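Here's a quick briefing to read alongside the coordinates. Pull up the sequence and the 3D view, and we'll go from one local detail out to the whole chain and back again.

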Amino acid sequence: MKKQLIAALAPLGMCLLVEGAVADTVVAPRPARAMHPDNVFTRMYPDLPAFAPQTADARAALQQMGERGGMIDANDNLSDPIQSILNPAVFSPNNPDNPNMSAGMTFLGQFLDHDITFDKRSALNANANPMATVNFRTAAFDLDSVYGEGPSGSPELYVNSGGRIKFILQAIPGSGAVSRHGAVRNDVPRDAGNVARVADSRNDENIVISQLQVAVLSFHNKVTDHLAAQPAWRNASPQQLFDEARRLVTWHYQWIILHEFLPKTIGQDRLDAILRSGPVYYRPKAAVNRFVAGDGHEMPRIPIEFAASVYRFGHSQVRPSYRVNFGPTGGAPFFALVFDDHENPASSDPNDMRGGKRAARRFVDWQTFFDFGDGNVRPNKRIDARLSSVLMQLPGSRAPSPGLPSDGVQSLPARTLTRHINFGLPSGQACARKMHMPVLAANQLSELAPYALDSRNTMATSTPLFFYVLKEAEVMEHGLRLGPVGSRIVGEVFVGLLKEDDGSYLRAAPDWKPTLPGSQPGNFRMRDLLQFAGVVPPL
């Protein structure tokens, strides 16, 4: 007999929804406004029905499914962040290594997301229309999450020094004493309350994403100096120099997306197919999927299936803890859980990786996160249907924390699954059939078979798209990359956005090759960006 998930998971007051909870409770003062109010989300599959009834009971049930101890929880032992890494068989047995990706790919993926999507205002406990939900970011890989509205529109981000417009960076006091060879480290600029002065506050959610923001700011500054030293640019105005530096930074960043991130995430074969034929299921040229920006040019909209579901696959790649840095010469490294809600939120230097803090040890040694050939790199977690337990207990409910919610719903997968009900997202099976892709059989989703959200289907036959994409990667790709449905949606949106952007190299100069020095001529990887930016002091 079919067991109702509602009855199984949401008995007598188990509903975790908070009345009036809205996405704006994600602590993100920047951006304060949407650059393009008509930039709303759209649907990739408008003709597909919702996978489940859009009811409060269904929301409550899925939140319970995504809570600590639920079927998505990897049930990590969070008592020791060092042992989580050194003794995973005991402390993190459900977090297997992905030998094809380094640990930094998780955070690069997060950084890319923050460049193209931000649903800041839709309510957590109510049905929502994607076409009435504003995207606070531009639907382009243009680094508006870094550059904001430029030197004139976001002057607080910049300094004009000697005719060169650069980003403001601030040294971390005391960092030299706890860094190898006394290297002083930088932080994003902060106000007196430690609130980051960045174009997107979410890029201060944790230490790694904050330091990645520092790396890109530093990259722009170094590219500016690189250009200024060339005879052709010595007489350029500050604005001309800035514009060319921004173009070079953006194009090298887009190269990394197409030649490192996407091949590892979806596979080179699938990427090549999309580049040859273009998007098939994501139609950015359709009128309903476009809007007119304030300057009169048209821009694409991003499908809600991507933004609220599929692209959140990266949550499955998060480890419980990381080696943040190697510490001082002869000293101990700094290991920490990503989040630990037991830590005092008022602490200036908590023993986790939450953002919004400045302290001497809160910097990143990138050798753990990307491969510099020195043997220090650590692998990513495989993509599967289990998420690290730290993501079920997000801090933020006791005190504001940048990029995190403060409405009492602390489980990240619970929030993601709730959005599936709110937006009426289709099932993974329906998407697979629509795309003529292999469909997971019910016995491949057997953990969902006892549960249902309506009288017609079990969740093994009508599965939330997020869970389906994770399980598809686990079953069909051994967790090493996304499966057919996930790969196609991610690949089509990424390539579609790049092809629709007049300023992208893929559209403006598709035969362009990187011009900045890297480890291989004509190529450029994240390790090259970090080294050029000067944020990889020797160990």
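Let's start with a single pairing: Val-159 has Lys-166, in β4, as its bridge partner. Bear in mind that this is a predicted model. The pairing belongs to a hairpin, so that's the first stop below; the overall picture and a handful of individual residues follow.

**The β3–β4 hairpin**

- Strand β3 covers residues 158–161 and strand β4 covers residues 164–167; the two run antiparallel and are joined by four bridges.
- Two residues sit between the strands of this hairpin, and Gly-162 takes a positive phi near 60°.
- As a general point, side chains in a regular strand alternate between the two faces of the sheet.

**The whole protein**

- The secondary structure adds up to 17 helices and twelve strands.
- With a radius of gyration of 22 Å, close to the 24 Å that the globule rule gives for 539 residues, the protein is as compact as a globular protein of that length.
- If you're setting up a box, the C-alpha trace spans about 75 × 55 × 40 Å along the principal axes.
- Buried residues account for 60% of the 539 residues.
- Take the contacts between residues at least 6 apart in sequence: 74% of them join residues at least 24 apart.
- The accessible surface is about 19,500 Å², and carbon and sulfur atoms own 52% of that.
- On the charge side there are 54 positive and 52 negative charges, and their mean positions are 2 Å apart.

**The loop between α1 and α2**

- This loop runs between α1 (5–9) and α2 (56–65), and His-36 lies in it.
- His-36 has 15% relative accessibility, which is under the 20% cut-off, so it counts as buried.
- Setting aside neighbours within four places in sequence, the contacts of His-36 are Val-134, Thr-138, Phe-291, Ala-293, Gly-294 and Met-299.
- Pro-31 is in the loop between α1 and α2 as well.
- Worth a check in your topology: the peptide bond from Arg-30 to Pro-31 is cis, with omega near 0°.

**Gln-429 in helix α13**

- Gln-429 is part of helix α13, which covers residues 428–434.
- At 1% relative accessibility, Gln-429 counts as buried.
- What does Gln-429 touch, not counting residues up to four places away in sequence? The list is Val-439, Leu-445, Ala-460, Thr-461, Ser-462, Thr-463 and Tyr-468.
- One of those, Thr-461, is 32 residues from Gln-429 in sequence, with 7.1 Å between their C-alpha atoms.

**Two positive phi values outside glycine**

- Leu-143 isn't a glycine, yet its phi is positive, near 60°.
- You'll find Leu-143 in the loop between α5 (104–116) and α6 (144–147).
- Is Leu-143 buried or exposed? Its relative accessible area is 0%, so Leu-143 is buried.
- His-181 also has a positive phi, of about 60°, without being a glycine.
- His-181 sits in the loop between β5 (170–171) and β6 (186–187).
- The relative accessible area of His-181 is 54%, which is over the 50% cut-off, so His-181 is exposed.

Definitions and conventions. Residues numbered from 1 in each chain as written. Predicted model: local features only at pLDDT ≥ 70, side-chain atom pairs only at ≥ 80, totals over all residues. Heavy atoms only, no water. Pairing = 2+ DSSP bridges. Rg over C-alpha atoms; globule rule 2.2 N^0.38 Å. Buried < 20%, exposed > 50% of the residue type's maximum accessible area, 1.4 Å probe, protein only. Contact = heavy atoms within 4.5 Å. Areas by Shrake-Rupley, 256 points an atom, 1.4 Å probe, with all protein chains shown as cover. Lys, Arg positive; Asp, Glu negative; His and termini not counted. Charge placed at Lys NZ, Arg CZ, Asp CG, Glu CD.
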